[in-house]
Amino acid sequence: MKKFTKILALLIAAAMVFCFAACGGKETPDAGDENSTASAVKVGFIYLHDENSTYDLNFIKAAKEACEKLGVEYVEKSNIPESNECYEAAVDLADRGCNIIFADSFGHEPFMVQAAQEYPEVQFCHATGTTAHTQGLDNFHNAFASIYEGRYLAGIAAGMKLNEMIEAGKFTAEEAKMGYVGAFTYAEVISGYTSFYLGAKSVCPTVTMEVQFTGSWYDETAEKEAATKLISNGCKLISQHADSMGAPTACETAGIPNVSYNGSTISACPNTFIVSSRINWAPYFEYIIGCVEKGEKIDVDWCKGIAEGSVELTEVNEAVAAKGTVEAIEEAKAAFAAGTLHVFDTSTFTYKGETLTSYMADVDTDAKYTPDTEVISDGYFHESEYRSAPYFDLRIDGITLLNEKF
């Protein structure tokens with residue numbers, strides 16, 4: 001009888017493993033950590049790509065860190081496209097007992113909303129989305145971080161490098177042009193490249209920038225080609241809002257300084273990497289887990305920044321960065337903390353030759369993208385304050401878009 005029971009148990013365990021593998025996820029309970037505490041929370045994560053994407057890897061690392069720290073069981077589903085497959089993945093996670101489900105890509109949003117409507121007892125959280133504050137669902141939430149602060153700081157590092165090269169006689173101040181590889185012409189990307197540019201401009205006032213879009217969040221070939229085009233156009237430094245190693249490796253090959261995104265590329269690009277900014281999602285994951293454990297409401301829109309540890313810079317590669325870069329970044333951080341520095345200070349840029357005193361942004365996001373909210377007051381554009389996802393969509397002077405079809 002004992003032998004039969006043992007065999008039956010093994011068969012059941014094998015069946016469970018097979019069933020899970022067929023579902024396309026990876027379940028990672030934290031039962032082996034003696035310091036973890038038991039939790040009734042189970043979190044499901046939906047990723048657009050996998051660990052080969054710097055964007056998704058950033059979420060994957062944060063999920064592991066937060067869930068293992070809090071002793072929470074979690075399940076991960078990778079390579080889930082922005083299609084009905086996201087809805088199916090969310091439903092599967094809900095049916096498997098997840099009481100929090102998180103998706104990491106903009107286009108996942110409508111499918112997460114659909115699942116949230118069908119599973120009111122499950123909390124659905126979504127990164128970079130725009131509609132939670134208008135959906136009226138108690139169990140659907142958007143989250144982002146004020147990454148524009150991090151990009152501004154990274155821009156300071158870029159401007160310092162340009163100044164160093166100008167002083168070394170490599171080019172003139174008027175030739176201080178940067179290149180930027182962007183995915184799409186969304187406000188999120190526009191906000192990002194503009195804040196990077198303004199950071200550089202704060203220390204290198206003659207800087208200009210060209211932007212080349214790829215039409216994809218992750219396309220290594222297209223991103224490499226975009227960076228190569230920008231370099232051939234005379235750009236002296238490259239940054240990006242795209243998720244592969246395409247642009248950094250193009251810079252390493254050409255010997256062009258690079259500011260990457262979502263993590264250090266120093267191991268692959270030791271001669272060109274300067275610094276990288278990233279969103280640290282661990283604080284948000286810890287926050288939503290804590291809310292569910294305590295029976296508290298999750299914010300409809302959540303957005304934190306450098307002060308809360310949700311926006312970070314990697315260590316500066318001082319072998320490539322200009323002297324004084326670390327000190328300049330720390331000075332700007334202190335100004336952010338003191339409230340004396342605002343990334344989108346309207347006195348630091350012009351739009352069609354004018355200094356803006358008013359701007360109506362599309363915060364509520366209807367089908368026609370109708371402007372609905374005044375976002376300039378006290379001398380600056382209030383990004384990510386009226387909803388978490390960026391809505392800065394101004395094409396400011398000094399930045400040239402080489403293509404706009406995406």
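**Notebook: a threonine, two cores, a helix and some cysteines**

I started at T185, which sits in the loop between β7 and α7. I am working from a predicted model, so every value here is computed from that model.

**Entry 1, T185.** I asked which backbone oxygen the T185 side chain reaches. I found that of F406, at a distance of 2.4 Å. I then listed the contacts of T185, leaving aside neighbours within four places in sequence. F406 turned up again, together with I190, F213, R395 and E404.

**Entry 2, the largest nonpolar core.** I looked up the largest nonpolar core and found 60 residues in it. The members that touch the most others are L162, M178, Y193, F196, M209 and F381. Next I checked which elements give two or more residues to this core: helices α6 (147-167), α7 (187-201) and α11 (325-338), and strands β7 (177-182), β8 (208-213), β11 (273-279) and β18 (399-401). With 10 residues, α6 gives the most. I picked out L162 for a closer look and noted that it touches F171, A176, M178, C204, V207, K236 and L237, not counting residues up to four places away in sequence. Another core, of 33 residues, lies apart from the largest one, and its members include A62, C67, F102 and A282. A friendly reminder to myself: nonpolar side chains tend to be buried together in soluble globular proteins.

**Entry 3, helix α10.** A282 led me on to α10, where A282, Y284, F285, I288, I289, G290 and C291 are buried. What covers these buried residues? I found that the cover includes helix α2 (54-70) along with strands β2 (42-46), β4 (100-103), β5 (123-127), β6 (140-145) and β12 (301-304). I also checked the length of α10, which runs over residues 282-294. Its 13 residues should span 18 Å at 1.5 Å a residue, and the end C-alpha atoms are indeed 18 Å apart, so the two agree. Just after the helix, G295 takes a positive phi of about 75°.

**Entry 4, cysteines.** How many disulfides does a search of the whole structure find? I got zero. C251 is in no disulfide, and its nearest cysteine sulfur, that of C269, is 7.7 Å away. Is C251 buried or exposed? I noted it as buried, because its relative accessible area is 0%. For C303, the closest cysteine sulfur belongs to C125 and is 15 Å away, which is too far for a bond. With a relative accessible area of 23%, C303 is partly exposed.

How values were computed. Residues numbered from 1 in each chain as written. Predicted model: local features only at pLDDT ≥ 70, side-chain atom pairs only at ≥ 80, totals over all residues. Heavy atoms only, no water. Helix = DSSP H or I, 4+ residues; strand = E, 2+ residues; numbered from the N terminus. Expected span 1.5 Å × (residues − 1). Buried < 20%, exposed > 50% of the residue type's maximum accessible area, 1.4 Å probe, protein only. Contact = heavy atoms within 4.5 Å. Disulfide = S-S within 2.5 Å. Core = buried A, V, L, I, M, F, W, Y, C linked by side-chain atoms within 4.5 Å. Polar contact = N/O pair within 3.5 Å; in protein donor to acceptor, adjacent residues only side chain to side chain.
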